[in-house]
Amino acid sequence: MSSAIRKRMSALTEEIRDHQFRYYVLDKPIISDGEFDALLAELIKLESEHPEFKADESPTTLVGGGFSTHFTQHDHIEKMMSLDNVFGIEELDAWLDRVAKSISGNSWLCEVKVDGLAINLLYEKGRLVRALTRGNGVTGEDVTLNIRTISSIPDQLMGSGFPDILEVRGEVFFPIDAFNSFNEALEEDGKPRFANPRNAAAGSLRQKDPRITASRPLSMVVHGIGAAEGVNFSEQSAAYDLLASWGLPISTRFRVVKSREEVVEFINFYEEHRHDVEHEIDGAVVKVNEINLQDELGFTSRAPKWAIAFKYPPEEVTTKLLDIKVSVGRTGRVTPFAFMEPVAVAGSTVTNATLHNAQEVVRKGILIGDTVLIRKAGDVIPEVLGPVIERRSGHEQVWVMPTTCPECGSALRAMSDGDVDIRCPNTQSCPAQLKERLFYIGSRAALDIDVLGHEAAVALLTDRLVIDEGDLFGLTEDALLASPFFCKKDGTLGANAAKFLSALESAKSRPLWRMIVALSIRHVGPTSAQALAKSFGSLDAIAAASVEELAAIEGVGSIIAESISEWFESDWHKAIIEKWRRAGVALTEQVSENLTPQTLAGLTIVVTGSLQDFTRDGVSEIIALHGGKASSSVSKKTHYVVVGDAAGSKADKAAELGVPILDEAGFKRLIAGDLRE
């Protein structure tokens with residue numbers, strides 16, 4: 001028995017060290033964070049039960065990987081600790097109970113756990129002299145030149161009163177919006193995509209040439225202090241206030257609370273709003289706020305006893321790739337997707353994940369039968385990051401992109417030179433494209449038609465109630481009687497039929513820009529549709545405009561203009577417009593007799609975070625309805641930034657530029673005209 005335990009502990013130690021090397025040095029992990037945490041937890045348990053078998057350099061006593069790269073290494077003045085983890089409320093309660101046995105009367109500082117690269121900044125008399133990665137907790141890699149390219153990190157502290165020696169700990173991260181844009185640019189250039197923002201941050205910070213690091217929008221959040229000579233802090237929160245006054249980037253996403261209930265409330269809030277934050281988070285951190293009580297509790301060999309990380313469910317897991325299939329979208333794009341063994345990730349069970357395009361499958365080297373690493377963040381479609389090559393058996397098979405549409409049999413082809421996407425050219429009658437276009441018309445992004453989901457779209461086509469989307473608004477009660485989907489068992493119309501017809505009638509008077517979006521013109525989204533509606537006023541005017549006239553509209557440009565012009569040249573597209581016109585669909589910009597007060601005229605407004613009384617789509621409509629312009633980025637030209645719950649970095653950018661910030665109540669007053677001069 002003891003021999004088996006010794007072997008298991010030895011195997012775990014070796015496996016964990018290998019994964020640490022892949023994670024910290026190569027930036028190419030082959031297992032998910034959740035799987036790694038499970039291995040480490042097993043080793044910790046075995047070591048506690050059998051300390052005689054514990055290795056001298058066990059990964060449970062080392063922080064990070066402790067591996068050497070090409071960067072110069074230096075020791076930290078004070079050891080950089082890691083954090084112990086809990087994965088559920090029961091484990092959190094057990095930790096809180098252990099703390100309560102040693103101290104009492106304390107408050108808790110709760111903060112989000114940034115999923116980035118741990119960094120230690122050393123300031124001497126207020127000037128940054130060295131920046132080190134965590135390394136093994138004792139020794140880190142010198143990345144000072146690269147850190148100095150990050151604009152949010154001051155080279156010289158502001159104000160006065162800072163100590164002669166100050167070590168500041170935090171996380172360098174790649175903002176999510178910037179990461180997505182960066183990956184899209186890499187894909188367009190035919191270069192490998194980064195698996196996630198954490199890898200992008202690590203890869204960017206470990207560039208030999210600081211100019212490359214400087215070209216990437218890295219940022220940092222400070223969450224701790226190491227050595228500090230000549231300054232004392234009474235509370236962690238007070239330390240944050242002081243660090244912020246010196247110009248260091250402190251997160252605003254922390255809260256000091258007194259009760260366990262408030263701790264749990266904080267954890268639950270950010271789990272729900274996990275994807276409303278500007279950077280990735282993988283949990284929440286709970287700390288004893290009082291520094292003297294932190295000192296009283298002390299440390300283990302690798303972690304403080306006064307802090308714990310509550311880890312959220314992992315968003316990266318491995319599973320078996322059973323097959324690669326393709327789907328056909330509303331504009332004819334044929335997208336390969338992975339069909340996998342069911343796996344739980346980010347709170348749901350998934351069997352399908354996107355592979356983007358055929359070139360991406362080849363570039364990533366994915367084979368049918370591979371064990372693959374997948375990622376799912378919130379409501380985002382799961383994505384296959386790549387294969388775990390070490391788990392191959394030799395029976396895997398190369399996938400070949402089909403040459404004909406799986407739905408209509410048309411020969412697939414690229415629609416233009418340099419187009420990485422393969423498309424089905426049968427846009428008029430391909431069943432898959434028709435179904436997806438009908439579904440899209442009913443979605444909130446377009447005309448928001450109740451009942452018109454995937455099932456209804458399939459029923460309308462299968463039962464021949466519509467030939468294409470042009471027939472949609474001509475549907476009647478008599479027509480719906482021919483479809484079992486809209487009927488009861490006795491053959492009479494069901495409640496969904498009346499609801500559907502009522503929703504169709506209401507949709508006829510939607511704003512012009514929504515009608516434009518509903519046409520599924522390639523490249524035309526809400527922003528360009530709103531610009532077109534405002535500039536031309538009618539669908540007929542847009543159809544009659546030249547490419548040059550269309551491209552001249554702000555928010556359109558040449559690519560979108562050419563796509564619009566090409567769409568309106570099609571006879572069957574013109575037929576759709578005529579059918580909608582005969583059915584009474586409004587194809588002009590509607591002007592109400594009681595004109596909405598243009599209280600936001602001339603204003604550019606950015607909204608960040610979740611608002612109580614407005615949806616994401618709805619708030620843009622409200623701004624446009626009152627004459628304003630909704631923007632997605634903050635600049636000196638922005639007039640107001642409206643901040644809701646879980647607001648992102650746009651609020652910080654507004655403060656930096658001096659742009660006025662409004663809460664939801666202030667936004668409502670602005671709409672009402674109470675804040676304008």
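**View 1. Ser 520 counts as buried at 7% relative accessibility.** Buried stands for under 20% relative accessible area, exposed for over 50% and partly exposed for values in between, computed with a 1.4 Å probe on protein chains only. The model is predicted, so local features need pLDDT of at least 70 and side-chain atom pairs count only at pLDDT 80 or more, while totals for chains, interfaces and linings use all residues. Residues are numbered from 1 along each chain as its sequence is written, and side-chain values use heavy atoms, with hydrogens and water left out. Ser 520 is located in the loop between helix 16 and helix 17. Helices (H or I, at least four residues) and strands (E, at least two) are DSSP runs, numbered from the N terminus. The phi of Ser 520 is positive, near 55°, in a residue other than glycine.

**View 2. Arg 464 has a positive phi of about 60° although it is not a glycine.** The loop that holds Arg 464 runs between helix 13 (454–462) and helix 14 (477–480). With a relative accessible area of 63%, Arg 464 is exposed.

**View 3. Helix 17 (residues 526–536) and its surroundings.** The buried residues in helix 17 are Ser 528, Ala 529, Ala 531, Leu 532 and Ala 533. Their cover includes helix 16 (512–518), helix 18 (539–544), helix 19 (547–551) and helix 20; contact here means heavy atoms within 4.5 Å. Gly 537, just after helix 17, takes a positive phi of about 80°.

**View 4. Crossing of helix 20 (residues 557–569) and helix 21 (residues 571–582).** The two axes come within 5 Å and cross at roughly 80°. Helix 20 is therefore roughly perpendicular to helix 21. On the helix 20 side the contact is made by Trp 567, Phe 568 and Glu 569, and on the helix 21 side by Asp 571, His 573, Lys 574 and Ile 577. By class, this contact has three nonpolar, one polar and three charged residues. Axes are lines fitted to C-alpha atoms, for helices over the stretch in contact, with angles from 0 to 180 degrees between N-to-C directions. Angles under 35 degrees count as roughly parallel, over 145 as roughly antiparallel, 65 to 115 as roughly perpendicular and the rest as oblique. Ala, Val, Leu, Ile, Met, Phe, Trp, Tyr, Cys and Pro count as nonpolar, Asp, Glu, Lys and Arg as charged, and the others, Gly among them, as polar.

**View 5. Strand 7 (residues 165–173) between its pairing partners, strand 4 and strand 8.** Nine of the nine residues of strand 7 are buried. Two strands pair if DSSP finds at least two bridges between them. Strand 4 (residues 117–124) pairs with strand 7 in the antiparallel sense over eight bridges, with Leu 117 opposite Val 172. Strand 7 and strand 8 (residues 219–229) also run antiparallel and are joined by eight bridges; Ile 165 has Glu 229 in strand 8 as its bridge partner.

**View 6. An open sheet of five strands with mixed pairing.** The strand order is 2-11-10-3-9. Strand 2 (85–86) and strand 9 (254–257) are at the edges, each with a single partner strand, so one side of each has no neighbour in the sheet. Strand 3 (residues 108–114) runs antiparallel to strand 9, to which four bridges join it. Trp 108 stands opposite Val 257 in strand 9. Helix 9 (residues 260–272) lies across strand 3, strand 9, strand 10 (281–288) and strand 11 (307–311), at about 20° to strand 3.

**View 7. An open sheet of four strands with parallel pairing.** The order here is 19-18-20-21. The edges are strand 19 (629–631) and strand 21 (661–662); each has a single partner strand, so one side of each is left without a neighbour in the sheet. Two bridges join strand 20 (residues 640–643) to strand 21, and Val 642 has Leu 662 as its bridge partner in strand 21.

**View 8. Glu 316 in strand 12 (residues 316–328).** Glu 316 is buried, at a relative accessible area of 10%. Its side chain and that of Arg 375 are joined by a polar contact of 3.0 Å. A polar contact is a pair of N or O atoms within 3.5 Å; within protein, one must be able to donate a hydrogen and the other to accept it, and residues adjacent in sequence count only if both atoms are side-chain atoms. Not counting residues up to four places away in sequence, Glu 316 touches residues including Ser 32, Asp 33, Asn 196 and Leu 385.

**View 9. Asn 196 at the N-terminal end of helix 6 (residues 197–205).** A side-chain oxygen of Asn 196 lies 3.2 Å from the backbone nitrogen of Arg 198 and caps the helix. Nine of the nine residues of helix 6 are buried, among them Pro 197, Arg 198 and Asn 199.
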